[in-house]
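Colleague: I am new to this structure and would like a close look at a single part. Please pick one place, walk me through its surroundings, and then set it against the whole.

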Amino acid sequence: MDVTLVVPCYNEEPMLPVFWEQTRQAVAACRQVHFTWLFVNDGSTDNSLNWLKTLAQQNPDVKVISLSRNFGKEAAVTAGLAFVAPTAKAAIVIDADLQDPPSLIGEFIQQFEAGYEVVYGVRTSRKADSWIKRTTAHLFYKGYNAVAERPIPAHASDCRLISRRVLDALLTLPERERFMKGLFNWVGFKSIAVPFVRQKRAAGSTKWNYWKLWNFALQGLTAGSTVLLRLWAYIGMCISLVAVLFAGWVAFKKIVWGNPVSGYASLMVAILFCSGVQLISLGIMGEYLSRIFVEVKQRPLYLVDEKVNF
């Protein structure tokens, strides 16, 4: 049975030798399975590409795709899946930072042989992450699953095994703004979770700062549901109803008791509140409109600069 490890890489030069050795040890225990490493260099600016080329020259089971620039992890994963050999029965997506341990590979293969077509890792502990990152991740999954048409498993990792059928189904999805966790879940098929403890990086530094994580979360929310658009219609109706009731109350007080109409302070509060609601709603509509703009241009999701061992 042929299985391909799809490994997106961006400036992971310190991690690649460690990743290579640990994955070799992990796959050695999977007998009757032939593994191929498919590294996707996502426009690295360090020496990652040269190291991968040298590795590929020494090992025929290693393939390398180098993108023309940094297109982002979602595009790199898509590129790797697109170049999985037709003979492969399954593909395993795993990051080179080793925060998802290579020991998952053997467990994934066992579940795949048991009949599951999607096997994904779920983090049971995120002690390696900061308190802020753990909290924001928890809030993201809560918020996403509250509005998404198809909720995703909380704290599910990108590290997962997908069968050939699932891989072919994913490659038929044409959108440019890709949220892979949502797409993996959208295609369905028989799936199972494998729990694991998230590890610390052995070397190097994360490429995900809080600004990138915020944009990624926003992309996921808008890619997974249109509920946010409908939500503001309901908020607008509620505000309008409150305004009508308040206007009636002010008129009643004026007629019955002769009370003066509320002055400058209450008027400014009402104006600023309604203006803020309008700007937020315009911002959400702008997010969806920007995604329409990207889709309409129909640009390729990635461009390949060179391939090694193909």
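Modeller: Let us start at E117. This residue sits in the loop between α4 and β5, a strand that covers 118-125. Keep in mind that the model is predicted.

Is E117 buried or exposed? Its relative accessible area is 14%. The cut-off for buried is under 20%, so E117 counts as buried. Yet E117 carries a charged partner. Its side chain makes a polar contact with the side chain of R165, at 2.3 Å. The pair also qualifies as a salt bridge, with the closest N and O atoms 2.3 Å apart. This bridge links distant parts of the chain: R165 belongs to helix α6 (residues 164-171), E117 to the loop between α4 and β5, and 48 residues separate them.

The two partners differ in cover. R165 has 52% relative accessibility and therefore counts as exposed. E117, at 14%, counts as buried. So one end of the bridge is exposed, while the other is buried.

What else does E117 touch? Leaving aside neighbours within four places in sequence, its contacts are L161, I162, S163, R165, V166, F189 and K190. One of these, V166, also turns up in a nonpolar core, and we will come back to that core below.

Stay with helix α6 for a moment. A salt bridge joins the side chains of D168 and R164 there, at 3.3 Å from N to O. Why are these two about one helical turn apart? They are four residues apart in helix α6, which means a separation of about one helical turn. An α-helix has 3.6 residues a turn, so residues three or four places apart point the same way. D168 is partly exposed, because its relative accessibility is 37%.

Now widen the view to the other salt bridges. The count for the protein comes to six. Some share partners: K73, D95 and D158 are joined into one network. K73 is also among the buried residues of helix α3. That helix, residues 73-82, has nine of its ten residues buried, so it is largely enclosed by the rest of the structure. The buried set includes E74, T78 and A79.

Another bridge connects E306 and K53, at 3.0 Å from N to O. It too spans distant parts of the chain: E306 is in strand β8 (residues 304-308), K53 in helix α2, 253 residues apart. E306 is partly exposed, because its relative accessibility is 25%. K53 is partly exposed as well, with a relative accessible area of 23%.

E306 leads on to two buried residues. L49 lies in helix α2 (residues 48-58). With a relative accessible area of 16%, L49 is buried. It touches N41, V64, S66 and E306, not counting residues up to four places away in sequence. The C-alpha atoms of L49 and E13 are 8.3 Å apart, though 36 residues separate them along the chain. S66 is the other one. It is found in strand β3 (residues 62-67). At 2% relative accessibility, S66 counts as buried. Its side chain makes a polar contact with the side chain of N41, at 3.1 Å. Beyond four places in sequence, S66 touches N41, L49, L303, V304, D305 and E306.

Next, the nonpolar cores. The largest has 36 residues, and F35, W37, F39 and I92 have the most contacts inside it. Helix α4 (residues 104-113) gives the most to this core, with five residues. Apart from it lies another core, of 29 residues, and V166 is among them, with V40, A79 and V84. So V166, which E117 touches, belongs to that core. In soluble globular proteins, nonpolar side chains tend to be buried together.

Some nonpolar residues lie at the surface instead. F246, W249 and F252 form a patch there, with about 320 Å² of accessible area together. F246 is in helix α9 (residues 227-256). At 47% relative accessibility, F246 counts as partly exposed.

Last, the whole. The protein has ten helices and eight strands. Of its 310 residues, 42% are buried. Among contacts with a separation of 6 or more, residues 24 or more positions apart account for 83%. The E117 and R165 bridge, 48 residues apart, is one link between distant parts of the chain.

Technical notes. Residues numbered from 1 in each chain as written. Predicted model: local features only at pLDDT ≥ 70, side-chain atom pairs only at ≥ 80, totals over all residues. Heavy atoms only, no water. Buried < 20%, exposed > 50% of the residue type's maximum accessible area, 1.4 Å probe, protein only. Polar contact = N/O pair within 3.5 Å; in protein donor to acceptor, adjacent residues only side chain to side chain. Contact = heavy atoms within 4.5 Å. Patch = residues over 30% accessible without salt bridge, like charges linked within 9 Å, V, L, I, M, F, W, Y side chains within 5 Å. Areas by Shrake-Rupley, 256 points an atom, 1.4 Å probe, with all protein chains shown as cover. Salt bridge = Lys/Arg side-chain N within 4 Å of Asp/Glu carboxyl O. Core = buried A, V, L, I, M, F, W, Y, C linked by side-chain atoms within 4.5 Å.
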